[in-house]
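Here are a few short exercises to work through with the structure open. Try each task before you read its solution.

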Amino acid sequence: MHWECKSKPDLTQFGFVYCITNNKTGKAYIGCKQYFNYKKRKRKSESNWKAYMGSSKHLLEDIKKIGKKNFKFEIMGEFKNKRSLRYYECYYQMKHNVLTETLEGTDEPAYYNNYVGGKFY
């Protein structure tokens, strides 16, 4: 498992907000992931969260190009339900200005994120 967390992941929670950072460039991605797949509020099966590396096409291309060892995978917080998970994903994305922040001294975006709140919002 490549996720760094202050404590062992709490699988009684619904999911987590994460930040994946390219250690070579400093460019990052903030997103969220559920621990389990659900169907009508019933736990169905554990999701692929342990191996998950984000949903950004450009992030995944960079991971493939320079290797997973050059990225930091950090769990920022865990949340008890879908509503709080989505809220805090947006909160952290807005707090870190993922759409407008640039890498210091360049015009290069500081985040891989192309939108705030996930593709469903």
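**Exercise 1. Take the salt bridge between Lys 27 and Glu 108 and work out which parts of the chain it ties together.**

Step 1: start with the contact. Lys 27 and Glu 108 pair up through their side chains in a salt bridge, 3.0 Å from N to O. The label applies when a side-chain nitrogen of Lys or Arg is within 4 Å of a carboxyl oxygen of Asp or Glu.

A quick word on the source: this is a predicted model, where local features need pLDDT of at least 70, side-chain atom pairs count only at pLDDT 80 or more, and totals for chains, interfaces and linings use all residues. Numbering runs from 1 along each chain as its sequence is written, and side-chain values use heavy atoms, with hydrogens and water left out.

Step 2: place both ends. Lys 27 sits in the loop between strand E2 (15–22) and strand E3 (28–34), while Glu 108 is in the segment after H2, so the bridge ties together parts 81 residues apart in sequence. Helices (H or I, at least four residues) and strands (E, at least two) are DSSP runs, numbered from the N terminus.

Step 3: check the cover. Lys 27 is buried at 13% relative accessibility, and Glu 108 is partly exposed at 38%. Buried means under 20% relative accessible area, exposed over 50%, and partly exposed in between (1.4 Å probe, protein chains only).

**Exercise 2. How many salt bridges are there by this rule?**

Step 1: the count is three.

Step 2: look at helix H1 (residues 57–66), which holds both Lys 65 and Asp 62, three residues apart, or about one turn of the helix. Their closest N and O atoms are 4.0 Å apart, and they form a salt bridge. Lys 65 is exposed, at 66% relative accessible area.

Step 3: go to helix H2, where Glu 89 and Arg 86 are also about one helical turn apart, being three residues from each other. Their salt bridge has its closest N and O atoms 3.9 Å apart, and both residues are buried.

**Exercise 3. Find out why Cys 19 and Cys 32 are too far from their closest cysteine sulfurs for a bond.**

Step 1: set the rule. A disulfide here is a pair of cysteine sulfur atoms within 2.5 Å.

Step 2: test Cys 19. Its closest cysteine sulfur, in Cys 32, is 13 Å away, too far for a bond.

Step 3: test Cys 32. Its closest cysteine sulfur is in Cys 90, at 8.4 Å, again too far.

Step 4: tally up. The rule gives zero disulfides.
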